[in-house]
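Me: Hi! I have a protein model open and I'd like some help finding my way around. Could we go through it together?

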Amino acid sequence: SNLITIGNYAFAENPELTEIDLSVAKKLETLGNYAFSDNSKLQKVTLPASTSLTKIGDYAFNECHSMEYIIFDGEYDGYGEIEISDCAFGYTYYIRYIIGARKSYIHDYALNHNISFVGVGEYVDHETGFVYREDYNDYSKAIITGYLGTELGFSSDLIIPETIAGYGGYVNYEVVAIDDLAFAYNRRFTSVVIPKTVKEIGFAA
């Protein structure tokens, strides 16, 4: 795709729009102001894996009340610094998380705006709401990398489990560590219970 710019209000007020996939738009540089605003059924957005994407404008996803997450696709290559307006998501309060590469500009944005984050290659345990990855030294063990909450909501009393069920319950991972930045800047927790199986807590966890 040779798409470079999506202009102001380009896809605003499309009441039946449910998904946006821009993963093939490798040359995309700018999402304009209100570009996808007021799309009440929009649930999922995939942005391209490209260092060319440099700006997401004011209220680009304003009033998209069904949107749960945004994917920055293929972030193994990483992103450059993206100018994301502080009001890019406007009054879209229901976005639960961003998917992308950890320790990237996108990760920093999520942390600073109190949006949960799922790194590339990580998994979500929907029963407990925790995000985790396999321990690279022992694939029977898990490292907690974040928390999304569950369908019942976001608990302020965080109880980290001793085990997490993976692969649809076919594998029980022992939780042995909490990763760097797992809960950094999160202002919603009032208490945290850490199980006896945890042997390591990472930087700024």
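**Salt bridges, sheet and cysteines**

Reply: Happy to help! This is a predicted model, and a nice place to begin is a salt bridge between the side chains of Lys141 and Glu174, at 3.8 Å from N to O.

Me: Where do Lys141 and Glu174 lie?

Reply: Lys141 is in strand β12, residues 138–147, while Glu174 is in strand β15, residues 171–178. The pair therefore ties together parts that are 33 residues apart in sequence.

Me: Is Glu174 buried, exposed or partly exposed?

Reply: Glu174 counts as partly exposed, at 29% relative accessibility.

Me: And which other side chain does Lys141 meet in a salt bridge?

Reply: That would be Asp138, with an N to O distance of 3.1 Å. Asp138 is partly exposed, with a relative accessible area of 28%. Put together, Asp138, Lys141 and Glu174 are linked in a network of salt bridges.

Me: OK, how many salt bridges are there in the whole structure?

Reply: The structure holds six. One of them joins Glu122 and Arg102, whose closest N and O atoms are 2.6 Å apart.

Me: What does the pair of Glu122 and Arg102 tie together?

Reply: Two loops. Glu122 lies in the loop between β9 and β10 (123–125), and Arg102 lies in the loop between β8 (97–100) and α1 (105–112). So the pair ties together parts that are 20 residues apart in sequence.

Me: Are Glu122 and Arg102 buried or exposed?

Reply: Glu122 is buried, and Arg102 is buried too.

Me: I also clicked on Arg133. Which strand is that in?

Reply: Arg133 belongs to strand β11, which covers residues 130–135. At 13% relative accessibility, Arg133 counts as buried. The side chain of Arg133 is joined to that of Asp179 by a polar contact of 3.2 Å.

Me: What else is Arg133 in contact with, leaving aside neighbours within four places in sequence?

Reply: Besides Asp179, there are Glu122, Lys141, Ala142, Ile143, Thr145. You've already met two of those names: Glu122 in the salt bridge with Arg102, and Lys141 in the one with Glu174.

Me: Switching topic: which strands form the open sheet, and in what order?

Reply: Five strands form it, in the order β2-β4-β6-β8-β9, and the pairing is parallel. From one strand to the next, the twist averages 15°.

Me: Why is one side of β2 and of β9 left without a neighbour in the sheet?

Reply: Because β2 (19–21) and β9 (116–119) stand at the edges, each with a single partner strand.

Me: How many bridges join β2 to β4?

Reply: Three bridges join β2 to strand β4, residues 44–47, and the two run parallel. If you want to find one of these partners, look for Asp21: its bridge partner in β4 is Thr46.

Me: Last topic, cysteines. How many disulfides does the structure hold?

Reply: Zero. For background, a disulfide is a covalent bond between the sulfur atoms of two cysteines.

Me: Why is there no bond between Cys64 and Cys87?

Reply: The sulfur of Cys64 is 13 Å from the closest cysteine sulfur, the one in Cys87, and that is too far for a bond. To count as a disulfide, the two sulfur atoms would have to be within 2.5 Å.

Me: And are Cys64 and Cys87 buried, exposed or partly exposed?

Reply: Cys64 is buried, with a relative accessible area of 0%, whereas Cys87 is partly exposed, with a value of 23%.

Key. Residues are numbered from 1 along each chain as its sequence is written. This is a predicted model: local features need pLDDT of at least 70, side-chain atom pairs count only at pLDDT 80 or more; totals for chains, interfaces and linings use all residues. Side-chain values use heavy atoms; hydrogens and water are left out. Two strands pair if DSSP finds at least two bridges between them. Helices (H or I, at least four residues) and strands (E, at least two) are DSSP runs, numbered from the N terminus. Axes are lines fitted to C-alpha atoms, for helices over the stretch in contact, and angles run from 0 to 180 degrees between N-to-C directions. Buried means under 20% relative accessible area, exposed over 50%, partly exposed in between (1.4 Å probe, protein chains only). A salt bridge is a side-chain nitrogen of Lys or Arg within 4 Å of a carboxyl oxygen of Asp or Glu. A polar contact is a pair of N or O atoms within 3.5 Å; within protein, one must be able to donate a hydrogen and the other to accept it, and residues adjacent in sequence count only if both atoms are side-chain atoms. Contact means heavy atoms within 4.5 Å.
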